[in-house]
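Trainee: Got a minute to go through this model with me? I'd like to start with a side-chain contact and work outward.

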Amino acid sequence: MKKRESILAVLQEDFVAGVDEDLSPIMHHLWKLEGGAIYFCRSGWAHATIDLKDYEIVKNTQVVLLPGTIIRINGTSSDFSASFFGFPKEMFREACLRFEPIFFRFIKEKPCYVLPKENTGAIKGLIHATTAIYNDRKNRFRSQIAKNHLQSFMLDIYDKCYRYFDRQEIEGGSRQDEIFKNFIALVHENCISQREVGFYANKLCISTKYLTGICRSVTGEPAKKIIDDFAILEIKVLLQSGEMTIQGIADKLGFPDQSYLGRYFKRHEGISPKEYQSKYSI
């Protein structure tokens with residue numbers, strides 16, 4: 001991947017934009033984005049897992065990856081090509097101040113969708129303009145223009161979401177749907193340090209039994225299983241990066257000690273953190 005770090009960490013640059021045609025350098029590894037990214041598939045296909053869900057990305061698919069997203073590329077076709085715009089968390093926050101949180105909860109739940117061919121002009125034009133300003137290194141207003149482009153991207157994405165999806169699907173219909181969406185948003189934000197159902201039930205002002213019942217109704221899984229799945233995903237990202245010791249990971253995630261983390265991980269994955277790290281580290 002020509003700009004692998006651009007999407008995964010946005011590195012030292014204010015933003016990045018361009019075209020990706022080779023994802024093989026990052027294939028089959030979990031990556032947690034520090035910033036965010038907007039992808040537009042120009043040709044071919046890619047299979048990706050985004051926050052535990054599998055997606056097939058085909059021509060004219062728009063992919064919106066919010067800061068903190070965990071992604072793994074599972075495979076691509078030989079003719080895969082995608083334009084992208086990668087941006088830091090701070091730029092995203094400043095560009096999106098006026099959008100309601102419910103819109104971003106929907107994007108987090110549905111990061112990929114295929115645009116009708118006749119409605120791809122806006123994203124193609126925006127990415128072309130963003131790539132041009134990225135390459136214009138001497139432009140004194142380069143970062144401000146990129147932030148304005150990001151706001152334009154998000155306005156267009158907002159329009160497309162409300163045009164192609166039912167308002168009830170975006171905002172939630174029943175009280176149970178609303179509670180479940182809020183629960184998932186809380187899990188994304190807190191699963192690193194909070195792994196007990198009671199924490200989330202208290203935040204939602206409901207009982208643990210009611211929360212578990214809602215989760216079973218919507219997904220067939222109990223609330224604890226959903227929390228653990230996301231927590232394990234976070235642990236895997238840290239183990240694969242190889243940047244921290246297992247003790248360091250235990251400290252970061254609020255486990256009492258390395259042994260407790262090891263038992264927790266092995267109970268869910270069948271192997272120890274050390275074995276997983278040896279097998280999958282970058």
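**Contacts, sheets and cysteines**

Mentor: Start with this one: in this predicted model, the side chains of Asp156 and Lys160 are joined by a polar contact of 2.6 Å.

Trainee: Where does Asp156 sit?

Mentor: Asp156 lies in helix 5, which covers residues 142-164.

Trainee: Buried or exposed?

Mentor: Asp156 counts as buried, because its relative accessibility is 14% and the cut-off for buried is under 20%.

Trainee: And what does Asp156 touch, leaving out residues up to four places away in sequence?

Mentor: With those left out, Asp156 touches Ala122 and Ile123.

Trainee: Switching to Thr69. Which part of the chain is that in?

Mentor: Thr69 is in the loop between strand 6 and strand 7, the latter being residues 70-76. Thr69 counts as buried, at 3% relative accessibility.

Trainee: What does the side chain of Thr69 reach?

Mentor: The Thr69 side chain reaches the backbone oxygen of Leu66 at 2.6 Å. The side chain of Thr69 also makes a polar contact with the Lys108 side chain, at 3.4 Å.

Trainee: What else does Thr69 touch?

Mentor: Not counting residues up to four places away in sequence, Thr69 touches Trp31, Lys32, Leu33, Ile50 and Asp51, as well as Lys108.

Trainee: OK, sheets. In what order do the 5 strands of the open sheet come?

Mentor: The order is 1-8-3-6-9, with antiparallel pairing. Strand 1 (16-20) and strand 9 (112-114) are at the edges; each has a single partner strand, so one side of each has no neighbour in the sheet. From one strand to the next, the twist averages 15°.

Trainee: Remind me what holds strands together in a sheet?

Mentor: Strands of a sheet pair through backbone hydrogen bonds, in either a parallel or an antiparallel way.

Trainee: How many bridges are there between strand 6 and strand 9?

Mentor: Strand 6, residues 61-65, pairs with strand 9 over 3 bridges in the antiparallel sense. One pair to look at is Gln62, whose bridge partner in strand 9 is Tyr113.

Trainee: And the open sheet with 4 strands, what is its order?

Mentor: That order is 2-7-4-5, and the pairing is antiparallel. Its edge strands are strand 2 (31-32) and strand 5 (53-57), each of which pairs on one side only.

Trainee: Which strands does strand 4 pair with, then?

Mentor: Strand 4, residues 46-50, pairs with strand 5 in the antiparallel sense over 5 bridges. Another 5 bridges join strand 4 to strand 7, and those two run antiparallel as well.

Trainee: Give me some residues to click on.

Mentor: For strand 5, Ala46 stands opposite Ile57, and His47 has Glu56 as its bridge partner. For strand 7, look at Ala48, which stands opposite Ile73.

Trainee: How many residues of strand 4 are buried?

Mentor: 4 of its 5 residues are buried, so strand 4 is mostly covered.

Trainee: What about the hairpin of strand 4 and strand 5? How many residues lie between the strands?

Mentor: There are 2 residues between the strands, and in that hairpin Asp51 takes a positive phi near 50°. Asp51 is also one of the residues that Thr69 touches.

Trainee: New topic, cysteines. How many disulfides does the structure hold?

Mentor: The structure holds 0 disulfides.

Trainee: Why is there no bond from Cys112?

Mentor: The closest cysteine sulfur to that of Cys112 is in Cys41, 10 Å away, which is too far for a bond. Cys112 is buried, with a relative accessible area of 10%.

Trainee: And Cys161?

Mentor: For Cys161 the closest cysteine sulfur is in Cys112, 12 Å away, and that is too far for a bond as well. Cys161 is buried, with a relative accessible area of 0%.

Trainee: One more residue: where is Pro273?

Mentor: Pro273 is in helix 13, residues 273-280, and at 5% relative accessibility Pro273 counts as buried. Leaving out residues up to four places away in sequence, Pro273 touches Leu239, Ile246, Leu261, Gly262 and Phe265.

Trainee: Last thing, confidence. What is the average pLDDT?

Mentor: The protein averages 89, and 95% of the residues score at least 70. Among the elements, helix 1 (residues 4-8) has the lowest mean pLDDT, 44, and helix 8 (residues 197-204) the highest, 96.

Trainee: Where does pLDDT stay under 50?

Mentor: Over residues 1-6, for which the model has 23 contacts beyond four places in sequence.

Note on methods
Residues numbered from 1 in each chain as written. Predicted model: local features only at pLDDT ≥ 70, side-chain atom pairs only at ≥ 80, totals over all residues. Heavy atoms only, no water. Buried < 20%, exposed > 50% of the residue type's maximum accessible area, 1.4 Å probe, protein only. Contact = heavy atoms within 4.5 Å. Pairing = 2+ DSSP bridges. Axes fitted to C-alpha atoms, helices over the stretch in contact; angles between N-to-C directions. Polar contact = N/O pair within 3.5 Å; in protein donor to acceptor, adjacent residues only side chain to side chain. Disulfide = S-S within 2.5 Å. pLDDT = per-residue confidence, 0-100.
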